[in-house]
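This report describes the interior of one protein chain, part by part. Please keep the structure in view while reading.

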Amino acid sequence: GLGSCRVKILWITNFVLASSGAPGSGKIISGTWLEAMLEYLADQKEVELHVGMFSRRVFNSRTVTGITYHCIPTGTQTFSFRATGKGRKAVKDLLDSLRPDIVHIQGTEYPRCIAVVEECKKRSITIIASLQGLISVITEYYLAGVSAGTWLRYSSFRDIACGYTVPQQWGFCAKRGKTERLMIQKVDAVM
C-alpha cells in the first residue's frame, strides 16, 4: 500500500456512466468492466476517485458511493467535440479545481480527449490511457477486401442518406484511428 498517502485519480470517460445516476446515464448493467474497476478503486483507502464524463446533458457534480462524478459538456457535438471554447474551458476548470495526481483516459479515439491530454501536459499531470480496442488496426480490415463501389452498390437508400454505408463508416473509423495514434504518442502510459 501507499501508507497514509492518497492518490487523486481523475478518470475521463467518453460517456455518462450508469453508476453516476446522472441524467442520460441509463440503467446500471451489472458486470461491466468499467463499473467493476470503479467499484474496486473506490474501495481503496489510498485513492480519491473522480470521474469526468463527456455529456450532452449538463449536470452538477455528484458523489455516489465514494466516487465523485463531474460533467464535461460537449454541447450538441457528441463525438466531434473540437476541444475549443466551452468544452476546453470545462476541461481546464475541472483540472484546476481537482488538481489530480493522475488522469486516466478511458478510450483514445475521440478528438476531445486530445484537449484533456494537452491541458494535463500544461500542468505536468501524469496521463494514462486505456485501450478498449485499436480503431487504427480495425480500420485496416473494415472493408474486408471488398471495394467501396461494391459496398455502395449493395447499400440501401437509407444507409446512403444517413451516412451509414460501410465505406462511410470506414472513413469515420479511419479518422478516429488517426486521433488514437496521436493520443498514444502523447500520453505517459498505455494499458
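## An enclosed cavity

In this predicted model, a search of the whole structure finds one cavity of 30 Å³ or more. The volume of the largest cavity is about 30 Å³. The general idea behind such a search is that rolling a probe the size of a water molecule over the atoms shows where empty space is left.

Which residues line the largest cavity? They are Leu 10, Ile 12, Ile 72, Val 91, Leu 94, Leu 95 and Val 116. Two elements, β1 and α2, give two or more residues to this lining. The largest share, three residues, comes from α2. Sorted by class, the lining holds seven nonpolar residues, with no polar and no charged ones.

## Overall architecture

The chain has seven helices and seven strands. Read from the N terminus, the order of these elements is β-α-β-β-β-α-β-α-β-α-α-α-α-β. Of the 191 residues in the chain, 41% are buried.

Many contacts link parts of the chain that are far apart in sequence: among contacts between residues at least 6 apart, 65% join residues at least 24 apart.

## Nonpolar cores

In soluble globular proteins, nonpolar side chains tend to be buried together. Here, the largest nonpolar core has 21 residues, and Ile 12, Val 103, Ile 105 and Val 116 touch the most other members. The elements that supply two or more residues to this core are β1 (7-13), α2 (85-98), β5 (102-106), α3 (112-122) and β6 (126-130). Apart from this core lies another, of 17 residues, including Trp 11, Met 53, Tyr 69 and Cys 71.

Val 116 illustrates how the elements meet. When residues up to four places away in sequence are not counted, Val 116 touches Ile 12, Phe 54, Val 91, Leu 95, Val 103 and Ile 105. Val 116 and Ile 12 are also both among the residues that line the largest cavity.

## The covered helix α3

How many of the 11 residues of α3 are buried? Eight are, and the helix is therefore described as mostly covered. The buried residues of α3 are Arg 112, Cys 113, Ile 114, Ala 115, Val 116, Val 117, Glu 119 and Cys 120. This list includes the charged residues Arg 112 and Glu 119. Just after α3, Ser 124 takes a positive phi of about 55°.

## Buried residues in strands β2 and β4

Gly 52 is found in strand β2, which covers residues 47-55. Is Gly 52 buried or exposed? Gly 52 counts as buried because its relative accessibility is 0%, and the limit for a buried residue is under 20%. Beyond residues up to four places away in sequence, Gly 52 touches Leu 10, Trp 11, Ile 12, Thr 13, His 70, Ile 72 and Leu 94. Gly 52 and Pro 73 are 21 residues apart along the chain, and their C-alpha atoms are separated by 9.9 Å.

Thr 68 lies in strand β4, residues 67-73. With a relative accessible area of 16%, Thr 68 is also buried. Its side chain makes a polar contact of 2.9 Å with the side chain of Thr 63. Leaving aside neighbours within four places in sequence, Thr 68 is in contact with Leu 49, His 50, Val 51, Arg 62 and Thr 63.

## Buried residues in loops

Residues in loops can be buried as well, as two examples show. Ala 22 lies in the loop between β1 and α1 (33-42). Its relative accessibility is 3%, so Ala 22 counts as buried. Not counting residues up to four places away in sequence, Ala 22 touches Val 16, Phe 59 and Arg 62. The C-alpha atoms of Ala 22 and Val 58 are separated by 9.1 Å, although these residues are 36 places apart along the chain.

The other example is Thr 165, in the loop between α6 (157-162) and α7 (166-186). Thr 165 is buried, because its relative accessible area is 1%. A polar contact of 2.8 Å joins its side chain to that of Gln 168. Outside the range of four places in sequence, Thr 165 touches Leu 152, Ser 155, Asp 159 and Ile 160.

How values were computed
Residues are numbered from 1 along each chain as its sequence is written. This is a predicted model: local features need pLDDT of at least 70, side-chain atom pairs count only at pLDDT 80 or more; totals for chains, interfaces and linings use all residues. Side-chain values use heavy atoms; hydrogens and water are left out. A nonpolar core is a set of buried Ala, Val, Leu, Ile, Met, Phe, Trp, Tyr and Cys residues joined through side-chain atoms within 4.5 Å. Buried means under 20% relative accessible area, exposed over 50%, partly exposed in between (1.4 Å probe, protein chains only). Helices (H or I, at least four residues) and strands (E, at least two) are DSSP runs, numbered from the N terminus. Contact means heavy atoms within 4.5 Å. A polar contact is a pair of N or O atoms within 3.5 Å; within protein, one must be able to donate a hydrogen and the other to accept it, and residues adjacent in sequence count only if both atoms are side-chain atoms. On a 1 Å grid over the protein atoms alone, a cavity is a set of points where a 1.4 Å probe fits but cannot get out, and a pocket is an open set with protein on both sides within 12 Å along at least five of seven lines; lining residues have an atom within 4 Å of a point. Grid points are joined across faces, edges and corners, and a volume is the space filled by probe spheres set on the points.
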